[in-house]
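Student: I have a model open and a list of labels I want to test. Can we go through the reasoning behind them?

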Amino acid sequence: MAKTATLRAESLSGTWGRKIIELNYQEIFDHKPNIYKWTKRAFDIIAASVALVLLSPVFIITALAIILEDGGPVFFTQQRAGQNMKSFKIYKFRSMYKNAESQFERMQAQNEQTGHAFKIKNDPRITRVGRFIRRYSIDELPQLLNIIKGDMSIVGPRPILYNQMEECNAYEKQRLIAKPGLTCYWQVCGRAKIKWDRWVELDLQYIQDMSILKDLELIFRTFPAVFGKDGAY
(Lines give C-alpha, C1' and ligand atoms only; values in the text may rest on other atoms or scores of the structure.)
Protein backbone atom coordinates (compact mmCIF):
# COMPACT_ATOMS: atom_id res chain seq x y z
CA MET A 1 0.00 0.00 0.00
CA ALA A 2 1.29 3.43 -0.88
CA LYS A 3 1.36 4.90 2.57
CA THR A 4 3.74 7.74 1.94
CA ALA A 5 4.63 9.59 5.06
CA THR A 6 6.72 12.53 6.01
CA LEU A 7 8.65 12.49 9.22
CA ARG A 8 9.28 15.44 11.44
CA ALA A 9 11.18 15.50 14.72
CA GLU A 10 9.78 17.35 17.69
CA SER A 11 11.81 18.09 20.80
CA LEU A 12 9.74 17.99 23.96
CA SER A 13 10.99 19.73 27.08
CA GLY A 14 12.50 17.27 29.54
CA THR A 15 12.30 14.34 27.08
CA TRP A 16 14.22 12.94 24.15
CA GLY A 17 13.16 14.17 20.72
CA ARG A 18 10.64 11.87 19.11
CA LYS A 19 9.51 11.22 15.56
CA ILE A 20 5.89 11.74 14.66
CA ILE A 21 4.60 10.14 11.49
CA GLU A 22 2.16 12.30 9.55
CA LEU A 23 0.34 10.21 6.97
CA ASN A 24 -1.02 11.68 3.75
CA TYR A 25 -4.53 10.21 4.03
CA GLN A 26 -5.69 11.65 0.71
CA GLU A 27 -2.89 9.81 -1.07
CA ILE A 28 -3.70 6.63 0.85
CA PHE A 29 -7.35 6.89 -0.25
CA ASP A 30 -6.44 7.71 -3.86
CA HIS A 31 -4.28 4.59 -4.06
CA LYS A 32 -7.10 2.26 -3.05
CA PRO A 33 -7.88 0.01 -6.05
CA ASN A 34 -10.67 1.29 -8.31
CA ILE A 35 -12.17 -2.20 -8.36
CA TYR A 36 -12.64 -1.92 -4.59
CA LYS A 37 -14.33 1.49 -4.91
CA TRP A 38 -16.66 0.26 -7.67
CA THR A 39 -17.48 -2.90 -5.74
CA LYS A 40 -18.14 -0.89 -2.58
CA ARG A 41 -20.60 1.37 -4.42
CA ALA A 42 -22.40 -1.55 -6.08
CA PHE A 43 -22.63 -3.36 -2.76
CA ASP A 44 -24.01 -0.20 -1.11
CA ILE A 45 -26.83 0.12 -3.65
CA ILE A 46 -27.80 -3.55 -3.60
CA ALA A 47 -27.53 -4.05 0.17
CA ALA A 48 -29.37 -0.81 1.01
CA SER A 49 -32.18 -1.61 -1.46
CA VAL A 50 -32.62 -5.13 -0.06
CA ALA A 51 -32.50 -3.79 3.51
CA LEU A 52 -35.24 -1.24 2.74
CA VAL A 53 -37.54 -4.02 1.56
CA LEU A 54 -36.75 -6.42 4.41
CA LEU A 55 -36.99 -3.72 7.07
CA SER A 56 -40.18 -2.14 5.73
CA PRO A 57 -42.24 -3.58 8.66
CA VAL A 58 -39.81 -1.88 11.07
CA PHE A 59 -40.26 1.40 9.17
CA ILE A 60 -44.05 1.13 9.41
CA ILE A 61 -44.08 0.23 13.12
CA THR A 62 -41.60 3.01 13.97
CA ALA A 63 -43.58 5.58 11.99
CA LEU A 64 -46.81 4.60 13.75
CA ALA A 65 -45.14 4.75 17.18
CA ILE A 66 -43.82 8.27 16.52
CA ILE A 67 -47.23 9.46 15.26
CA LEU A 68 -49.06 7.92 18.22
CA GLU A 69 -46.71 9.58 20.72
CA ASP A 70 -46.92 13.18 19.53
CA GLY A 71 -48.53 13.28 16.11
CA GLY A 72 -45.42 13.43 13.92
CA PRO A 73 -43.60 14.34 11.77
CA VAL A 74 -42.05 10.91 11.37
CA PHE A 75 -38.79 11.92 9.73
CA PHE A 76 -36.10 14.42 10.67
CA THR A 77 -33.62 15.95 8.26
CA GLN A 78 -30.43 17.87 8.96
CA GLN A 79 -27.42 19.16 7.05
CA ARG A 80 -24.38 16.98 7.65
CA ALA A 81 -20.82 17.10 6.32
CA GLY A 82 -20.23 14.52 3.61
CA GLN A 83 -17.22 13.37 1.65
CA ASN A 84 -14.70 16.19 1.11
CA MET A 85 -16.93 18.50 3.20
CA LYS A 86 -19.81 18.40 0.71
CA SER A 87 -23.01 19.19 2.59
CA PHE A 88 -25.94 16.77 2.31
CA LYS A 89 -29.35 16.30 3.92
CA ILE A 90 -29.36 13.29 6.23
CA TYR A 91 -32.57 11.34 6.93
CA LYS A 92 -33.47 9.96 10.34
CA PHE A 93 -36.54 8.84 12.23
CA ARG A 94 -37.41 11.73 14.54
CA SER A 95 -36.31 10.81 18.07
CA MET A 96 -36.68 14.25 19.70
CA TYR A 97 -39.55 16.58 20.49
CA LYS A 98 -40.58 18.97 17.73
CA ASN A 99 -38.86 22.03 19.22
CA ALA A 100 -35.56 20.25 19.94
CA GLU A 101 -33.52 22.18 17.34
CA SER A 102 -34.44 25.53 18.91
CA GLN A 103 -32.97 24.32 22.23
CA PHE A 104 -29.64 23.19 20.75
CA GLU A 105 -27.61 26.26 21.71
CA ARG A 106 -28.99 26.24 25.25
CA MET A 107 -27.98 22.59 25.64
CA GLN A 108 -24.33 23.16 24.69
CA ALA A 109 -23.27 23.67 28.31
CA GLN A 110 -24.44 20.09 29.07
CA ASN A 111 -22.47 18.49 26.24
CA GLU A 112 -20.73 15.29 27.44
CA GLN A 113 -18.68 14.81 24.29
CA THR A 114 -15.35 16.49 23.59
CA GLY A 115 -14.14 18.34 20.51
CA HIS A 116 -16.68 19.06 17.79
CA ALA A 117 -19.37 16.47 18.50
CA PHE A 118 -22.45 16.76 20.73
CA LYS A 119 -23.82 14.00 22.97
CA ILE A 120 -25.85 13.98 26.20
CA LYS A 121 -26.66 10.65 27.82
CA ASN A 122 -29.99 11.74 29.30
CA ASP A 123 -30.94 14.39 26.78
CA PRO A 124 -34.35 15.78 27.92
CA ARG A 125 -35.28 16.54 24.31
CA ILE A 126 -35.57 12.85 23.42
CA THR A 127 -39.05 11.30 23.36
CA ARG A 128 -39.94 7.91 24.86
CA VAL A 129 -40.08 6.32 21.42
CA GLY A 130 -36.87 8.16 20.60
CA ARG A 131 -34.98 6.54 23.46
CA PHE A 132 -35.91 3.08 22.23
CA ILE A 133 -35.10 3.64 18.57
CA ARG A 134 -31.80 5.33 19.46
CA ARG A 135 -30.78 2.48 21.74
CA TYR A 136 -31.06 0.04 18.86
CA SER A 137 -29.99 2.51 16.13
CA ILE A 138 -33.42 2.22 14.46
CA ASP A 139 -33.45 6.01 14.07
CA GLU A 140 -30.56 5.67 11.60
CA LEU A 141 -32.37 3.30 9.20
CA PRO A 142 -33.72 6.03 6.86
CA GLN A 143 -30.08 6.70 5.97
CA LEU A 144 -30.40 3.68 3.69
CA LEU A 145 -31.93 6.27 1.33
CA ASN A 146 -28.80 8.42 1.70
CA ILE A 147 -26.74 5.37 0.74
CA ILE A 148 -28.76 4.70 -2.41
CA LYS A 149 -28.51 8.39 -3.35
CA GLY A 150 -24.72 8.25 -2.96
CA ASP A 151 -24.45 10.65 0.01
CA MET A 152 -23.25 7.86 2.27
CA SER A 153 -21.85 4.35 2.26
CA ILE A 154 -22.74 1.42 4.51
CA VAL A 155 -19.25 1.56 6.01
CA GLY A 156 -17.53 4.90 6.60
CA PRO A 157 -16.97 7.62 9.22
CA ARG A 158 -20.15 8.79 10.90
CA PRO A 159 -21.19 12.26 9.63
CA ILE A 160 -21.60 15.10 12.12
CA LEU A 161 -23.28 18.50 11.71
CA TYR A 162 -21.85 20.52 8.84
CA ASN A 163 -21.17 23.60 10.99
CA GLN A 164 -19.41 21.43 13.60
CA MET A 165 -17.20 19.89 10.95
CA GLU A 166 -16.41 23.35 9.56
CA GLU A 167 -14.89 24.22 12.95
CA CYS A 168 -12.46 21.27 12.72
CA ASN A 169 -8.81 21.74 11.84
CA ALA A 170 -7.25 20.38 8.64
CA TYR A 171 -6.09 17.20 10.37
CA GLU A 172 -9.58 16.39 11.69
CA LYS A 173 -11.25 17.16 8.36
CA GLN A 174 -9.25 14.32 6.79
CA ARG A 175 -11.74 11.88 8.34
CA LEU A 176 -14.12 12.85 5.53
CA ILE A 177 -11.75 11.97 2.72
CA ALA A 178 -13.81 8.78 2.75
CA LYS A 179 -17.57 8.85 2.19
CA PRO A 180 -19.45 8.86 5.53
CA GLY A 181 -21.29 5.71 6.51
CA LEU A 182 -23.81 3.95 8.71
CA THR A 183 -21.14 2.06 10.59
CA CYS A 184 -17.40 2.15 11.13
CA TYR A 185 -14.89 1.62 13.94
CA TRP A 186 -16.70 4.23 16.07
CA GLN A 187 -19.95 2.27 15.85
CA VAL A 188 -18.42 -1.02 16.96
CA CYS A 189 -15.97 0.29 19.57
CA GLY A 190 -18.27 2.07 22.00
CA ARG A 191 -20.08 4.82 20.07
CA ALA A 192 -20.89 7.78 22.32
CA LYS A 193 -18.38 6.58 24.93
CA ILE A 194 -15.55 7.41 22.52
CA LYS A 195 -14.17 10.93 22.89
CA TRP A 196 -13.58 13.16 19.89
CA ASP A 197 -9.80 12.78 19.51
CA ARG A 198 -10.06 8.99 19.57
CA TRP A 199 -13.05 9.16 17.20
CA VAL A 200 -10.92 11.04 14.64
CA GLU A 201 -8.07 8.55 15.00
CA LEU A 202 -10.43 5.62 14.42
CA ASP A 203 -11.82 7.23 11.26
CA LEU A 204 -8.33 7.89 9.92
CA GLN A 205 -7.42 4.29 10.75
CA TYR A 206 -10.37 3.18 8.63
CA ILE A 207 -9.02 5.13 5.64
CA GLN A 208 -5.80 3.14 5.98
CA ASP A 209 -7.62 -0.18 6.43
CA MET A 210 -10.33 0.21 3.76
CA SER A 211 -10.91 -3.03 1.85
CA ILE A 212 -13.75 -5.40 1.00
CA LEU A 213 -12.81 -7.74 3.83
CA LYS A 214 -12.54 -4.90 6.35
CA ASP A 215 -15.95 -3.53 5.33
CA LEU A 216 -17.55 -6.96 5.71
CA GLU A 217 -15.88 -7.42 9.10
CA LEU A 218 -17.23 -4.07 10.35
CA ILE A 219 -20.73 -4.85 9.07
CA PHE A 220 -20.80 -8.17 10.94
CA ARG A 221 -19.37 -6.54 14.08
CA THR A 222 -22.12 -3.92 13.97
CA PHE A 223 -24.95 -6.33 14.81
CA PRO A 224 -23.69 -7.38 18.27
CA ALA A 225 -22.59 -3.79 18.92
CA VAL A 226 -26.11 -2.48 18.23
CA PHE A 227 -27.91 -5.13 20.26
CA GLY A 228 -25.34 -4.81 23.03
CA LYS A 229 -26.39 -1.12 23.34
CA ASP A 230 -22.87 -0.10 24.39
CA GLY A 231 -22.62 3.68 24.19
CA ALA A 232 -25.99 4.07 22.47
CA TYR A 233 -27.78 7.32 23.35
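Tutor: What follows is a set of short questions on a predicted model, each answered from a value and a cut-off.

Student: Start broad. How many helices and strands are there?

Tutor: The protein chain has eleven helices and six strands. Of its 233 residues, 46% count as buried. Among contacts with a separation of 6 or more, 70% link residues 24 or more positions apart.

Student: Why are α2 and α3 called oblique to each other?

Tutor: Take the angle. The axes of α2 (residues 34–54) and α3 (residues 56–70) cross at roughly 55 degrees. Roughly parallel needs under 35 degrees, and roughly perpendicular runs from 65 to 115. The angle fits neither range, nor the one over 145 degrees for roughly antiparallel, so the pair is oblique. The axes come within 4 Å.

Student: Which residues make that contact?

Tutor: On the α2 side, Leu52, Val53 and Leu54. On the α3 side, Ser56, Pro57 and Phe59. By class, that gives five nonpolar residues, one polar and no charged.

Student: What makes α3 and α5 roughly antiparallel?

Tutor: Their angle is about 155 degrees. The cut-off for roughly antiparallel is over 145. The value passes, so the label holds. The two axes are 9 Å apart.

Student: Which residues meet there?

Tutor: Thr62, Ala65, Ile66 and Glu69 of α3 meet Arg128, Val129 and Ile133 of α5. This contact has four nonpolar, one polar and two charged residues.

Student: Now the cysteines. How do you know that Cys184 is not in a disulfide?

Tutor: A disulfide needs two cysteine sulfur atoms within 2.5 Å. The cysteine sulfur closest to that of Cys184 is in Cys189, at 8.9 Å. That is too far, so there is no bond. The count for the model is zero disulfides.

Student: Is Cys184 buried or exposed?

Tutor: Buried. Its relative accessibility is 1%, and the cut-off is under 20%. Cys168 is buried too, with a relative accessible area of 6%.

Student: What makes Met85 stand out in its backbone angles?

Tutor: Its phi. The value is near 65 degrees, which is positive, and Met85 is not a glycine. Met85 sits in the loop between β3 and β4 (87–93).

Student: Why is Met85 called buried, if it lies in a loop?

Tutor: The label rests on accessible area. Met85 has 17% relative accessibility. The cut-off is under 20%, so Met85 counts as buried.

Student: Where is Ser137, and what is its phi?

Tutor: Ser137 is in the loop between α5 (128–135) and α6 (143–149). Its phi is near 60 degrees, again positive in a residue other than glycine. With a relative accessible area of 11%, Ser137 is under the cut-off and therefore buried.

Student: Which peptide bond is cis, and what is its omega?

Tutor: The bond joining Gly72 and Pro73, with omega at about 10 degrees. Pro73 lies in the loop between α3 and β3 (75–81).

Student: Why does Asn146 count as buried?

Tutor: Its relative accessibility is 0%. That is under 20%, so Asn146 is buried. The residue is part of helix α6.

Student: How do you know that the side chain of Asn146 makes polar contacts?

Tutor: The limit is 3.5 Å between N or O atoms. The side chain reaches the backbone oxygen of Lys89 at 2.9 Å. A polar atom of that side chain also lies 3.1 Å from the backbone nitrogen of Tyr91. Both values pass. Beyond four places in sequence, Asn146 touches Phe88, Lys89, Ile90, Tyr91, Asp151 and Met152.

Student: One last residue. Where is Met210, and what makes it buried?

Tutor: Met210 lies in the loop between α10 (196–209) and α11 (212–228). Its relative accessibility is 7%. The cut-off is under 20%, so the residue is buried.

Student: Which residues does Met210 contact beyond its sequence neighbours?

Tutor: Phe29, Lys32, Tyr36, Lys40 and Ala178, leaving aside residues within four places in sequence. Take Lys32. Lys32 and Met210 are 178 residues apart along the chain, yet their C-alpha atoms are separated by 7.8 Å.

Notes: Residues numbered from 1 in each chain as written. Predicted model: local features only at pLDDT ≥ 70, side-chain atom pairs only at ≥ 80, totals over all residues. Heavy atoms only, no water. Axes fitted to C-alpha atoms, helices over the stretch in contact; angles between N-to-C directions. Helix = DSSP H or I, 4+ residues; strand = E, 2+ residues; numbered from the N terminus. Contact = heavy atoms within 4.5 Å. Nonpolar A, V, L, I, M, F, W, Y, C, P; charged D, E, K, R; others polar. Buried < 20%, exposed > 50% of the residue type's maximum accessible area, 1.4 Å probe, protein only. Polar contact = N/O pair within 3.5 Å; in protein donor to acceptor, adjacent residues only side chain to side chain.
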